[in-house]
Amino acid sequence: MTGKTQQVLEAHNVHVAFGGIHALSGVDMRLDQGTVLGLIGPNGAGKTTMVNVLSGFQKPTRGSVVLNGQDVSALGPQRLARAGVGRSFQAARLFRDMTVEQNLTVAGIGTGRGGRAAARAAAEVLDWMGLTRVAEKRCDALSYGDERRVSIARALALHPAFVLLDEPASGMNDAECDALMHTIAHIPERFGCGVLLIEHNMKVIMGVCQRIHVLDGGRSLAEGTPGEVQNDPDVRRAYLGKKAAAEAHHLI
Amino acid sequence: MSNLVQILVDAISLGSLYALVALAIGLVFGVMKLINFAQADYITIGAYALVVPSASVSPALFIGGWPVVFMVAGVLAVVTVLALLTERIAFRPMRNSNPATLLISSFAVSYFLQHLVILVHTGRPKSVGVGNSLSAAVEIAGIRLPGNQILTMVVAAVMLVGLVIFLKKTPMGIQMRAAAENFQMARLMGVRANRVIAVAFVISGVMAAAVSLLLVVQTGTLDVRMGLMPVIFAFFATVIGGMGSLPGAALGGFIVGFISVMLQAFLPADLRPFRDAGVFLLVILILLVRPQGLIVDRAARERV
């Protein structure tokens with residue numbers, strides 16, 4: 001953890017409407033540096049829209065995004081990335097003609113490092129992520145799981161204050177998923193950043209997050225520690241349906 | 001034997017010329033999806049910068065009369081400044097337009113520059129004596145080759161290698177490759193759009209300047225449309241090579257040069273005037289077999 005003052009990324013009363021459809025309705029959220037916040041909810045809950053809003057890809061119809069007390073709602077994704085809000089995507093979007101190491105080097109150069117320093121920083125991040133074995137591989141030759149891991153490594157190579165990870169484990173098998181969650185849990189202590197982790201599987205992120213925010217149908221359903229959220233009746237209902245919730249509450 | 005070697009040298013030398021133009025077009029297309037036909041006029045204006053503006057068909061030398069190093073530097077300066085100006089004035093405001101709009105605006109810039117040349121120099125072809133000594137034959141391993149062709153090959157080779165080193169080793173080059181593949185993602189990675197695009201134009205200007213000088217040394221003439229045919233062939237080269245792929249652009253340049261020289265050498269004399277039609281025909285055939293180009297741009301088939 002750095003000695004700098006704690007940074008905070010907040011959403012205040014965020015509404016997003018696409019035509020008549022309300023993707024988000026009055027969502028408040030707070031992400032602190034040095035913590036992992038889980039963002040969960042069923043498909044269509046508005047999780048990705050929320051990440052798009054926080055990273056400047058989607059302007060809120062109403063409400064605001066505030067970074068360290070400053071309203072950044074009007075900033076585009078490039079400006080926000082430069083201000084320290086990085087993200088991964090559901091599709092990895094790597095530079096496929098370049099090697100893994102070069103992908104991270106691009107990010108390092110973008111933070112103002114020279115070519116050599118950026119390459120060194122890239123190697124460190126890859127080493128920490130256990131990706132050194134693929135450093136020299138071209139990204140179009142990566143396995144699916146490595147592709148996903150490299151996209152997270154690249155987001156970290158930007159040394160963001162906040163990193164938003166959109167379903168980083170989607171499509172991975174259980175073992176891969178567990179290993180990745182273990183890595184993500186340690187991002188704050190290694191890089192000092194705040195992590196927003198989107199997942200639709202609640203079980204997967206229980207051990208990773210300090211706090212969990214649940215969205216359903218574009219509204220905040222609950223926020224609290226994993227234990228609190230797990231036992232929240234509204235959350236159960238949203239996830240499992242009323243009847244199943246009663247029968248199977250031990251499953252989540 | 002020596003005839004065959006001569007044909008081969010012709011092909012490689014013409015191919016290198018097209019490869020240089022194709023790389024310039026491919027580089028700018030990569031970073032901003034602009035097919036810049038004004039590249040032709042960068043070449044033309046670079047060549048005309050050698051002489052004093054006048055209506056004369058054998059004008060006095062201007063930059064062309066300077067010592068070689070200064071002449072090369074002078075033409076480089078003129079063409080890169082011109083390329084940067086067109087980027088700043090004409091193309092930057094259209095940055096987010098679709099490729100068709102960008103293409104049309106490049107025609108506008110091209111016509112504007114062409115008529116500027118006609119206004120200043122008139123439209124008549126001119127003769128210019130620069131680098132005449134280079135036309136002398138050089139004897140290598142018992143085979144006599146024209147010096148200017150050797151120069152063309154050497155210049156092209158140096159620039160190709162230089163470009164590869166730039167793109168692979170320098171921070172700006174690495175950023176440029178990233179931007180060429182996925183511009184938005186590159187910007188999220190801190191790549192400055194304006195800077196990367198400006199540098200791409202500078203490189204296209206440097207390549208155009210080199211082609212200007214090589215064409216003048218080879219032909220000894222200035223013509224308002226002297227840049228046009230190389231750019232059209234180079235454009236076909238980038239399409240054959242696979243739009244967006246720089247190795248493809250270079251390869252396409254050599255292929256087009258090769259086809260052109262082979263047709264010139266082996267077509268019956270009566271058919272030779274139709275050589276260019278033959279080149280286009282073969283280009284069409286290549287594209288029928290591989291519509292995506294020989295080297296496919298990987299960004300175009302990104303997994304979603």
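In this predicted model, helix 3 of chain B passes helix 8 of chain B in a right-handed crossing. The two axes come within 8 Å and cross at roughly 140 degrees. Helix 3 of chain B and helix 8 of chain B are therefore oblique to each other, as the cut-off for roughly antiparallel is over 145 degrees. On the helix 3 side, the residues that meet helix 8 of chain B include B:Val72, B:Val75, B:Leu76, B:Val79 and B:Glu87. Helix 8 of chain B answers with residues including B:Ile197, B:Phe201, B:Ser204, B:Gly205 and B:Ala208. By class, this contact has 15 nonpolar, four polar and one charged residues.

Helix 8 of chain B also packs on helix 1 of chain B, at an angle of about 165 degrees and with the axes 9 Å apart. That angle is over 145 degrees, so helix 1 and helix 8 of chain B are roughly antiparallel to each other. Their crossing is left-handed. Helix 1 of chain B brings, among others, B:Leu17, B:Leu20, B:Val21, B:Leu23 and B:Ala24 to the contact, while B:Ile197, B:Phe201, B:Ser204, B:Met207 and B:Ala208 are among those from helix 8 of chain B. Sorted by class, the contact between helix 1 and helix 8 of chain B has 19 nonpolar, one polar and no charged residues.

Here are the two pairs side by side:

| Helix pair | Angle between axes | Axis separation |
|---|---|---|
| Helix 3 (residues 68-91) and helix 8 of chain B | roughly 140 degrees | within 8 Å |
| Helix 1 (residues 2-32) and helix 8 (residues 193-219) of chain B | about 165 degrees | 9 Å |

Now for the core. The largest nonpolar core has 177 residues, and those that touch the most other members are A:Leu197, B:Leu20, B:Val21, B:Leu23 and B:Met207. Setting aside residues up to four places away in sequence, B:Met207 touches B:Leu20, B:Val21, B:Leu23, B:Ala24 and B:Met159.

What about the interface between the chains? There, 21 residues of chain A are in contact with 20 residues of chain B. On the chain A side, the elements that give two or more residues are helix 2 (77-82) and helix 3 (100-110) of chain A. Helix 3 of chain A supplies the largest share, six residues. By class, the side of chain A that touches chain B has nine nonpolar, seven polar and five charged residues.

Helix 3 of chain A deserves a look of its own. Eleven of its eleven residues are buried, so helix 3 of chain A is largely enclosed by the rest of the structure. The buried set runs from A:Val100 to A:Gly110 and includes A:Glu101, A:Gln102 and A:Asn103. These buried residues pack against helix 4 (115-128) and helix 5 (144-157) of chain A, together with helix 6 (171-181) and helix 7 (183-188) of chain B. Just after helix 3 of chain A, A:Gly112 takes a positive phi of about 100 degrees.

Which residues does A:Gly110 contact beyond its neighbours within four places in sequence? They are A:Leu158, B:Met189, B:Gly190 and B:Val191. A:Gly110 sits in helix 3 of chain A and counts as buried, because 24 C-beta neighbours lie inside 10 Å and the cut-off is 20 or more. From A:Gly110 to A:Asp234 the C-alpha atoms are 43 Å apart in space, with the two positions 124 residues apart in sequence terms.

Across the interface, B:Val191 lies in the loop between helix 7 and helix 8 of chain B. B:Val191 is likewise buried, with 24 C-beta neighbours inside 10 Å. Not counting residues up to four places away in sequence, B:Val191 touches A:Val106 and A:Gly110 of chain A, and in chain B it touches B:Gln175, B:Ala178, B:Ala179, B:Ala186 and B:Val196. The C-alpha atoms of B:Val191 and B:Met176 are separated by 8.3 Å, and these residues are 15 residues apart along the chain.

Finally, some backbone oddities. Most residues other than glycine have a negative phi. A:Asn13, which is not a glycine, has a positive phi of about 50 degrees. A:Asn13 is found in strand 1 (residues 8-18) of chain A and is partly exposed, with 13 other C-beta atoms within 10 Å. A:His159 also has a positive phi, near 45 degrees. A:His159 is in the loop between helix 5 and strand 7 (162-166) of chain A, and with 19 C-beta neighbours inside 10 Å it counts as partly exposed.

Terms used:
Residues are numbered from 1 along each chain as its sequence is written. Chains are lettered from A and ligands numbered from 1 in the order in which they are written. This is a predicted model: local features need pLDDT of at least 70, side-chain atom pairs count only at pLDDT 80 or more; totals for chains, interfaces and linings use all residues. Two residues are in contact if their C-beta atoms, placed from the backbone, lie within 7 Å. Helices (H or I, at least four residues) and strands (E, at least two) are DSSP runs, numbered from the N terminus. Ala, Val, Leu, Ile, Met, Phe, Trp, Tyr, Cys and Pro count as nonpolar, Asp, Glu, Lys and Arg as charged, and the others, Gly among them, as polar. A residue is buried if 20 or more other C-beta atoms lie within 10 Å of its own, exposed if 12 or fewer, and partly exposed in between; C-beta atoms are placed from the backbone. Axes are lines fitted to C-alpha atoms, for helices over the stretch in contact, and angles run from 0 to 180 degrees between N-to-C directions. Angles under 35 degrees count as roughly parallel, over 145 as roughly antiparallel, 65 to 115 as roughly perpendicular and the rest as oblique. A crossing is left-handed if the near helix is turned anticlockwise from the far one by less than a right angle, and right-handed if clockwise. A nonpolar core is a set of buried Ala, Val, Leu, Ile, Met, Phe, Trp, Tyr and Cys residues joined through C-beta atoms within 7 Å.
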